[in-house]
Amino acid sequence: MQEQLENILALERRTFPGPGAKERAIREELDLSPVHYYQLLNALLDDPRALAHDPVTVNRLRRVRETRRSER
C-alpha cells in the first residue's frame, strides 16, 4: 500500500501536456483504470500516512476537492 500511495502522489505532483496524457500515464505507469485511480486517490486524501508523506500535495488536493464539493 505504501508504494502505491507514493506512486499516486508522485503522479499528482506532475503536470501533463494535454488532454488524455494523465489518463494514459495512469494506465501505463500504474496499471490502473482512471476510475479506480481516482477512487484510490480520494481515499488517500483522508489517510494520515499520505498527509505525512506529502503534505503539500495532499493539502492542495483536499482544497480542490472541497472547492468542487461546495460548487455542487
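The following paragraphs lead through the helices of this predicted model, from the buried side of one helix to the contacts between others.

A convenient starting point is helix H3, which spans residues 34-44. Four of its residues, Pro34, Tyr37, Leu41 and Leu44, are buried. These residues lie on the same side of H3, because they cover an arc of only 80° around the axis. The face turned away from that buried side carries Val35 and Gln39, which are exposed. H3 therefore has a buried side, defined by the narrow arc of only 80°, and a face turned away from it with exposed residues. The cover over the buried residues of H3 includes four other helices: H1 (2-13), H2 (21-30), H4 (48-53) and H5 (55-71).

Two of the buried residues of H3, Tyr37 and Leu41, reappear in the largest nonpolar core of the model. This core has 15 residues, and Ile8, Tyr37, Leu41 and Ala50 are those with the most contacts inside it. At least two core residues come from each of H1, H2, H3 and H5. H1 supplies the largest share, with four residues. The surroundings of isoleucine 8 can be listed in detail: apart from neighbours within four places in sequence, this residue is in contact with Leu30, Tyr37, Leu40, Leu41 and Leu44. Among these partners, Tyr37, Leu41 and Leu44 belong to the buried residues of H3.

The packing of H2 against H3 comes next. Their axes come within 9 Å and cross at roughly 85°, which means that H2 is roughly perpendicular to H3. On the H2 side the contact is made by Lys22, Glu23, Ile26, Arg27 and Leu30, and on the H3 side by Pro34, Tyr37 and Tyr38. By class, the contact of H2 with H3 has five nonpolar and three charged residues, with no polar ones.

One of the charged participants deserves a closer look. Lysine 22 lies in helix H2 and counts as buried, because its relative accessibility is 19% and the limit for buried is under 20%. Not counting residues up to four places away in sequence, lysine 22 touches Leu11, Glu12, Phe16, Tyr37 and Tyr38. Its partners thus include Tyr37 and Tyr38, both of which take part in the contact of H2 with H3.

H1 also meets H5. The axes of these two helices come within 10 Å and cross at roughly 70°, so H1 is roughly perpendicular to H5. Leu9, Glu12 and Arg13 in H1 meet Thr57, Val58, Arg60 and Leu61 in H5. The residues of this contact divide into three nonpolar, one polar and three charged.

Two loop positions complete the picture. Aspartate 54 is found in the loop between H4 and H5, and it counts as buried because its relative accessibility is 9%. Leaving aside neighbours within four places in sequence, aspartate 54 is in contact with Leu9 and Arg13, two residues of H1 that also meet H5. Glycine 20, in turn, lies in the loop between H1 and H2. With a relative accessibility of 32%, glycine 20 counts as partly exposed. Between glycine 20 and proline 48 there are 30 Å in space, C-alpha to C-alpha, and the two are 28 residues apart in sequence.

Note on methods. Residues numbered from 1 in each chain as written. Predicted model: local features only at pLDDT ≥ 70, side-chain atom pairs only at ≥ 80, totals over all residues. Heavy atoms only, no water. Buried < 20%, exposed > 50% of the residue type's maximum accessible area, 1.4 Å probe, protein only. Arc of directions from axis to C-beta. Contact = heavy atoms within 4.5 Å. Core = buried A, V, L, I, M, F, W, Y, C linked by side-chain atoms within 4.5 Å. Axes fitted to C-alpha atoms, helices over the stretch in contact; angles between N-to-C directions. Parallel < 35°, antiparallel > 145°, perpendicular 65-115°, else oblique. Nonpolar A, V, L, I, M, F, W, Y, C, P; charged D, E, K, R; others polar.
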